[in-house]
Amino acid sequence: MTFWNITFLVLLVTTRVFADFQVSRQDLTVLVGDKNTFNLYLTEPLSADVNVTFDIQHPDLIRAIPSSLSLKKGTQDNLTIEIQALKAGSVVLSVNATPSNIASITDAFVRITVEKSAILDHISSVVGWLYFLAWSVSFYPQIFSNYRRKSVVGLNFDFLSLNLVGFVLYSLFNCGLYWIPEIEQEYFSRYPKGLNPVKPNDIFFSLHAFFATVITIIQCFIYEIGNQRVSTTARIIHGIFTTFIIISIILSLLQVIAWLDFLYYCSYVKLAITLIKYVPQAFYNYKRKSTVGWSIGNIFLDFTGGMLSMLQMILNAYNFEDWESIFGDPTKFGLGFFSVAFDVFFLVQHYCLYGTKVLLYRSDSEKVIDLKGRV
């Protein structure tokens, strides 16, 4: 090692400020026109003077008071920073320090949400739990109908198989991102100021949906099935999805793509399944000219959950002035709307088109008759 290299290392060590900036909380909610505070503190006394400024992602939404700080050598105070909310929205406030050779300012940021109304926020939370409950319960009317009839005739097997694959991949995405530390760390490395998008209720819903779908499939092995089977078209679709997932796993094992990307690919397949899974059941009802065996209770609950889900998105978009969450990234809203549209179509099939007809089935044939007994 040369003399100049040694000199550089000595200067680097002697000029380094051995202190980390931390904040008392990284998530803050403020009403428009109100104020809130967080504390900025140091883990060790400063070994040199430092100037602190605040980098505000959207300066038209909030104001930091004071806007800058001059900290003297030896400072280790707990400093109170006031946030004044100007407009609704979401913003990240980051701490910057000069000189920049601070040990770490990685965690010195605050995610600030400015809302118009606390009441709307509470209503949104209630609506969220209601649609979560409606969607969770929506599986059981079909299970009960199968049990009561001792038959699954009328329940399309393509829909059921697509539902199973969709919830397997959805559970894989949620559990992987929530429970595997290495994948969670990949997410935070990619989005250092983000939050884990998977919540405990997402875990419960996906696993519960998978469990309920498995119960329904078991009923298909126990009860009367008529002449139903998984169609060739559905088998081809499953083959395409399976090939895509297997290739993604191989690429992840070879470290060509990150495991986080693999989970994202699983979620994309789930989205695709959500878009197409209702089509086989709707066509099956049309072909049979009957909705017997397809639980209308399931449709009512799914319709309720979908409407409440979209309502919550609209409430949040208005309350946080975040319409981009709907129109800028329409995937979630579009899927909710698509599901509701199919639910309306199923309701029309049940009550308007085929509501006066019942299905008589035998082991060798099916016949549709109206309530007056005419074939």
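**Long-range contacts, a mixed sheet and salt bridges in a predicted model**

Of the contacts in the protein with a separation of 6 or more, 74% are accounted for by residues 24 or more positions apart. The structure described here is a predicted model, and the protein in this model has 12 helices and 12 strands. Buried residues make up 41% of its 375 residues, while the accessible surface of the protein comes to about 20400 Å², with 65% of that area belonging to carbon and sulfur atoms.

Among the strands, five form an open sheet in the order S2-S10-S8-S4-S6, in which the pairing is mixed. The edge strands of this sheet are S2 and S6 (68-71), each of which pairs on one side only, and the twist from one strand to the next averages 25 degrees. The mixed character of the pairing can be followed on the two sides of strand S10 (residues 109-115), since S10 pairs with S2 in the parallel sense over five bridges, whereas S8 and S10 run antiparallel and are joined by six bridges. Strand S10 is mostly covered, six of its seven residues being buried.

Individual residue positions give a more detailed picture of these pairings. On the S2 side, Leu28 stands opposite Ile112 in S10, and Val30 stands opposite Val114 in S10. On the S8 side, the bridge partner of Val92 in S10 is Arg111. In a regular strand the side chains alternate between the two faces of the sheet. Strand S2 (residues 27-31) has a covered face made up of Leu28 and Val30, and an uncovered face made up of Asp27, Thr29 and Leu31. The two residues of the covered face, Leu28 and Val30, thus include the one that stands opposite Ile112 and the one that stands opposite Val114.

Attention turns next to charged side chains. Side chains of opposite charge can pair when their charged atoms come close. The count of salt bridges in the model comes to five, and three of these are described here in turn. In one of them, Lys35 forms a salt bridge with Glu82, the closest N and O atoms being 3.6 Å apart. Because Lys35 lies in strand S3 (residues 35-42) and Glu82 in strand S7 (residues 79-85), this pair ties together parts that are 47 residues apart in sequence. Glu82 counts as partly exposed, at 25% relative accessibility.

Another salt bridge is formed by Asp60 with Lys87, for which the closest N and O atoms are 3.5 Å apart. This pair links distant parts of the chain, 27 residues apart, with Asp60 in the loop between strand S4 (50-56) and strand S5 (62-65), and Lys87 in the loop between S7 and strand S8 (89-98). Asp60 is partly exposed, with a relative accessible area of 39%, and Lys87 is likewise partly exposed, with a relative accessible area of 44%.

A further salt bridge brings together the side chains of Glu321 and Lys116, at 2.6 Å from N to O. Glu321 lies in the loop between helix H10 (296-319) and helix H11 (324-328), and Lys116 in the loop between S10 and H2, so the pair ties together parts that are 205 residues apart in sequence. Glu321 is partly exposed, with a relative accessible area of 41%, and Lys116 counts as partly exposed at 34% relative accessibility.

Helical parts of the model contribute both to the surface and to the interior. Leu133, which is found in helix H2 (residues 118-137), makes a nonpolar surface patch of about 370 Å² together with Val137, Tyr140 and Phe211. An α-helix has 3.6 residues a turn, so residues three or four places apart point the same way. In helix H9 (residues 278-288), the buried residues are Tyr278, Pro280, Gln281, Ala282, Tyr284, Asn285 and Arg288. Just after H9, Lys289 takes a positive phi of about 55 degrees.

Conventions:
Residues numbered from 1 in each chain as written. Predicted model: local features only at pLDDT ≥ 70, side-chain atom pairs only at ≥ 80, totals over all residues. Heavy atoms only, no water. Buried < 20%, exposed > 50% of the residue type's maximum accessible area, 1.4 Å probe, protein only. Helix = DSSP H or I, 4+ residues; strand = E, 2+ residues; numbered from the N terminus. Pairing = 2+ DSSP bridges. Patch = residues over 30% accessible without salt bridge, like charges linked within 9 Å, V, L, I, M, F, W, Y side chains within 5 Å. Areas by Shrake-Rupley, 256 points an atom, 1.4 Å probe, with all protein chains shown as cover. Salt bridge = Lys/Arg side-chain N within 4 Å of Asp/Glu carboxyl O. Contact = heavy atoms within 4.5 Å. Axes fitted to C-alpha atoms, helices over the stretch in contact; angles between N-to-C directions.
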